[in-house]
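The following report describes how the helices of one protein chain pack, where its nonpolar cores lie, and how a few individual residues are placed. Please read it alongside the sequence and the model.

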Amino acid sequence: MAESGYSGVRKASVLLLTLGTEKASRILKHMSDEDIERLTLELAKLEKVNDNEKKSVLTEFVTNFRAREFMASGGIEYARDMLEKAVGVEKALEILERLTSNLQVKPFDFLKKTDPMQLVNVLQNEHPQTIALILCYLLPKQAAQVIGSLPEGLKAEVVKRIAMLDKANPEVVREVERVLERKVSTFVTQDFAQVGGLDTVVEFMNSLDRTTEKEILDKLSETDPELSEEIRRHMFVFEDVVKLDDRSMQMVLREVDTKDLSRALKGASEEILNKIVSNLSKRAGQLLKEEIEFLGPLRVVDVEEAQQKIVNVIRRLEESGEIFIARGGGEELIV
């Protein structure tokens, strides 16, 4: 296949045009505003696109997509073998060189297929900072399993260090990876990579069972109360009210001021509104909807403040054991 000499933006625009409006719109949803703007401008400039160009762009896309799949499932050598059979030796080499020049495979990928308990045995004697660095590169669910199985006293220390992590020096990452698994070769980006931080901690913590979560937060409350409170504030957001069972939702509503509730629901999704209204009497639900309509425009900060008040009520009721919020594995209810 002779690839067109057009720019990447034009080829992307032609591809969207070829796929049609519905498929193209689904793709655009996953792109940044800047990229969408560039593609929209290019699409606007497109005049008649002949069938040969459409075919060339579509074929190039399919070939590159398959090449990435081959690399993801079997590595570079596997991808080379498959591509050589499909497009020939020369074309296969060209595709791989182009893709691998920009390929950024995350460090410690080899650990993603490792059993969490085996990983705990490997990591538990490492320095907490080293464990924190490694866990930042794992899938949240796997990292949560590892954290939950670490020795007592080490869990909170690792979580604290994950929260404090900002950027990782590639040389340090390479060395840690080399020591941990000398047999595995990986591609490591030369740029400083963003790892860790509060969002990562919250994602991990939300995957933990309630007992482990409480143990870590209680320990952090002793050593770093500000961090503990910051994590607590981010662990349950207003949109998560849909996860509450009806009994818990009704208990929360009894504790919430009606004015705060109507403000919090201003602009909320239909799912959230239905969740709350379904746990009110028919009359109360109707009054709430009318109150929301009568409010008129509200500042975002006022809506968020009202939502946070409700979240605080939920967290308080959960801490006292009056309501239940589903967490990670092991918290299924037996009725």
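A residue is called buried when its relative accessible area is under 20%, exposed when it is over 50%, and partly exposed in between, with a 1.4 Å probe and protein chains only. By this definition, buried residues make up 38% of the 335 residues in the protein. This is a predicted model, in which local features need pLDDT of at least 70 and side-chain atom pairs count only at pLDDT 80 or more, whereas totals for chains, interfaces and linings use all residues. Residues are numbered from 1 along each chain as its sequence is written, and side-chain values use heavy atoms, with hydrogens and water left out.

**Overall build**

The protein has 18 helices and two strands, where helices (H or I, at least four residues) and strands (E, at least two) are DSSP runs numbered from the N terminus. Contact means heavy atoms within 4.5 Å. Among contacts between residues at least 6 apart in sequence, 75% join residues at least 24 apart.

**Nonpolar cores**

A nonpolar core is a set of buried Ala, Val, Leu, Ile, Met, Phe, Trp, Tyr and Cys residues joined through side-chain atoms within 4.5 Å. The largest such core has 37 residues, of which L135, V158, V159, I162, M205 and I231 touch the most other members. At least two residues of this core come from each of α6 (116-123), α7 (128-135), α8 (140-149), α9 (154-164), α10 (170-180), α11 (198-207), α12 (210-223) and α13 (225-235). The most is given by α9, with six residues. Another core lies apart from this one and has 26 residues, among them F238, V241, M251 and A306.

**Packing of α6 on α8**

Axes are lines fitted to C-alpha atoms, for helices over the stretch in contact, and angles run from 0 to 180 degrees between N-to-C directions. On this basis α6 and α8 pack at an angle of about 55°, with their axes 9 Å apart. That makes α6 oblique to α8, given that angles under 35 degrees count as roughly parallel, over 145 as roughly antiparallel, 65 to 115 as roughly perpendicular and the rest as oblique. The crossing of α6 past α8 is right-handed, a term used if the near helix is turned clockwise from the far one by less than a right angle, anticlockwise being left-handed. On the α6 side the contact is made by P116, M117, L119, V120 and L123, and on the α8 side by Q142, Q145, V146 and S149. By class, this contact of α6 with α8 has six nonpolar, three polar and no charged residues, where Ala, Val, Leu, Ile, Met, Phe, Trp, Tyr, Cys and Pro count as nonpolar, Asp, Glu, Lys and Arg as charged, and the others, Gly among them, as polar.

**Packing of α16 on α17**

Helix α16 (residues 270-277) and helix α17 (residues 282-295) have axes that come within 10 Å and cross at roughly 140°. These two helices, α16 and α17, are therefore oblique to each other, and α16 passes α17 in a right-handed crossing. Here L273, I276 and V277 in α16 meet G285, L288, K289 and I292 in α17. By class, the contact of α16 with α17 has five nonpolar, one polar and one charged residues. The buried residues of α16 are I272, L273, K275, I276 and V277, and they pack against α14 (246-255), α15 (258-264) and α17.

**Individual residues**

Four residues and their distant partners in sequence are set out below, with C-alpha to C-alpha distances.

| Residue | Partner | Separation along the chain | C-alpha distance |
|---|---|---|---|
| S248 | L317 | 69 residues | 8.9 Å |
| F294 | S262 | 32 residues | 9.8 Å |
| M164 | L198 | 34 residues | 7.8 Å |
| S221 | A156 | 65 residues | 9.9 Å |

S248 is found in helix α14 and, at 1% relative accessibility, counts as buried. Leaving aside its neighbours within four places in sequence, S248 is in contact with I323 and F324. F294 lies in helix α17 and is exposed, with a relative accessible area of 66%. M164, in helix α9, also counts as exposed, at 58% relative accessibility. S221 has its place in helix α12 and is partly exposed, with a relative accessible area of 30%. Beyond its neighbours within four places in sequence, S221 is in contact with S228 and R232.
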